[in-house]
Amino acid sequence: MASEVSNPGNTSQRNGMAAHTPTILLRRDEVEALLSPTRCIVAVEDAFRKAALGEVPAPAILGMHARDGSFHVKAGLLETDSPYFAAKVNANFPQNAARFGLPTIQGAVLLFDGTNGRLLAVMDSMALTALRTAAATAVAAKHLSRASSATVLICGCGAQALAQLKALLCVRSPSRFFAFDLDAAKATAFAAVAEIALGVSVAPVEDLQARMLESDIVITCTTSKKAFVTSAMVRPGTFIAAVGADHEDKQAIASELMVRAKVVADVKEQACRIGDLHHAISDGIMRAADVYAELGEIVAGLKAAREGDQEVTIFDSTGTGLQDVAAAIAVYRRALQEGRGNGYPLA
């Protein structure tokens with residue numbers, strides 16, 4: 001699978017083809033069909049490695065709050081077979097399902113040729129965001145969780161949950177699965193979907209602390225604005241992927257647990273501003289210097305990964321434009337190979 005993602009074929013052919021083909025538009029179902037979890041994991045891991053080795057410029061982010069939600073723009077420049085630039089514009093409105101019957105996250109990714117500025121593709125961002133976020137969790141779990149991890153707990157059973165579990169199963173082989181949501185019906189529904197989609201038996205749970213104490217891997221993918229995972233709930237050796245905090249108001253992990261753990265950020269500066277780490281810093285009990293590493297440093301071998309079975313490790317996942325451009329490139333390449341996507345000449 002790695003060769004399928006990393007071997008782009010003849011560069012001049014790809015550039016020539018892009019120069020004479022219209023911009024392609026890719027729907028959500030097409031993005032999902034073109035971007036397998038394994039393909040996305042390989043692409044995202046490579047992007048983190050390149051970032052740590054100084055081979056790509058720092059990604060950029062812009063955020064704005066709206067009355068009932070927020071908007072953010074994430075951008076990155078990444079060179080694979082040739083340079084690409086991608087900008088993702090996402091709207092995040094947590095009450096959409098209840099109020100309008102719409103997804104929480106909606107948006108689009110624009111992928112450009114980094115050599116001549118040509119707009120190559122416009123693609124749905126909802127599927128791409130879920131897949132690249134889950135891929136980052138899988139990369140972190142591959143390096144920071146115990147290889148023998150047997151029990152997984154998913155906290156938050158919304159749109160991100162299935163992608164997270166599917167990606168995790170590409171790097172670990174747990175045998176027990178728990179699902180928790182404040183809305184018990186969501187946990188039950190997720191369990192049914194996971195059994196059909198992944199062939200695993202997921203137990204919906206209501207006693208979060210008890211199941212947390214049994215779990216080796218915990219993934220928090222909620223929109224919570226108040227920490228609900230405390231130090232007393234986490235046993236030695238646990239790996240936690242803190243996925244939900246993508247702006248400063250969100251929090252899943254209590255500050256005292258952040259202090260106890262080995263904290264690895266996707267982008268340290270960003271996690272200090274908007275991640276779970278932000279709250280520990282605001283509480284005055286952590287500093288940016290207390291972050292053990294960025295994920296790319298571990299992927300590149302610049303920092304050691306897990307150093308003992310008793311370590312509690314936390315991956316503070318705030319989302320980076322490098323993940324978006326890496327995933328978008330993988331989608332675009334596959335679309336060209338398969339002749340997918342409607343073409344729209346813009347000039």
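Two strands count as paired here if DSSP finds at least two bridges between them. With that in hand, let's walk through this predicted model, one sheet at a time.

**The seven-stranded sheet**

Take β1 first. Strand β1 covers residues 23–26 and runs antiparallel to β17, with 3 bridges joining the two. One of the residues to look for is I24, whose bridge partner in β17 is G343. Both strands belong to an open sheet of 7 strands, and its order reads β2-β3-β4-β5-β6-β1-β17. The pairing in that sheet is mixed. At its edges sit β2 and β17 (342–344), each of which pairs on one side only. Ignoring direction, neighbouring strands here are turned by 15 degrees against each other on average.

Now for a residue on one of those strands: M64 is found in β2. Is M64 buried or exposed? M64 counts as exposed, because its relative accessibility is 57% and the cut-off for exposed is over 50%. If you skip the neighbours within four places in sequence, M64 is in contact with S70 and F71. For a sense of distance, try L162: it is 98 residues from M64 along the chain, and the C-alpha atoms of the two are separated by 28 Å.

**The eight-stranded sheet**

There is also an open sheet of 8 strands, ordered β9-β8-β7-β10-β12-β16-β14-β15, and here the pairing is parallel. Its edge strands are β9 (202–204) and β15 (293–294), and each pairs on one side only. Here are three of the strand pairs, each with a pair of bridge partners to find in the structure.

| Strand pair | Sense and bridges | Bridge partners |
|---|---|---|
| β8 (176–180) and β9 | parallel, 3 bridges | F177 and V202 |
| β12 and β16 | parallel, 4 bridges | A242 and D316 |
| β14 and β16 | parallel, 4 bridges | V264 and F315 |

Two helices to look at next are α6 and α7. Helix α6 (residues 125–144) packs on the sheet and touches β10 (217–220), β12 (239–242), β14 (262–265) and β16 (313–316). The direction of α6 makes about 160 degrees with that of β12. Helix α7 (residues 159–168) packs on the sheet too, touching β7 (151–155), β8, β9 and β10. For α7, the angle with the direction of β10 is about 150 degrees.

Strand β16 deserves a second look. In a regular strand the side chains alternate between the two faces of the sheet. In β16, T313 and F315 point one way, while I314 and D316 point the other way. Buried or exposed, these four? All of them are buried.

**The second largest pocket**

Finally, a pocket. How much space lies in the second largest one? About 280 Å³. This pocket is lined by 19 residues, and the closest to its centre are A51, P59, V267, E294 and L322. The elements that give two or more residues to the lining are α4 (37–52), β2 (60–65), α11 (268–274) and α13 (295–299). So β2, already met as an edge strand of the sheet of 7 strands, turns up again in this lining. Sorted by class, the lining has 11 nonpolar, 3 polar and 5 charged residues.

Methods: Residues are numbered from 1 along each chain as its sequence is written. This is a predicted model: local features need pLDDT of at least 70, side-chain atom pairs count only at pLDDT 80 or more; totals for chains, interfaces and linings use all residues. Side-chain values use heavy atoms; hydrogens and water are left out. On a 1 Å grid over the protein atoms alone, a cavity is a set of points where a 1.4 Å probe fits but cannot get out, and a pocket is an open set with protein on both sides within 12 Å along at least five of seven lines; lining residues have an atom within 4 Å of a point. Grid points are joined across faces, edges and corners, and a volume is the space filled by probe spheres set on the points. Ala, Val, Leu, Ile, Met, Phe, Trp, Tyr, Cys and Pro count as nonpolar, Asp, Glu, Lys and Arg as charged, and the others, Gly among them, as polar. Contact means heavy atoms within 4.5 Å. Axes are lines fitted to C-alpha atoms, for helices over the stretch in contact, and angles run from 0 to 180 degrees between N-to-C directions. Buried means under 20% relative accessible area, exposed over 50%, partly exposed in between (1.4 Å probe, protein chains only).
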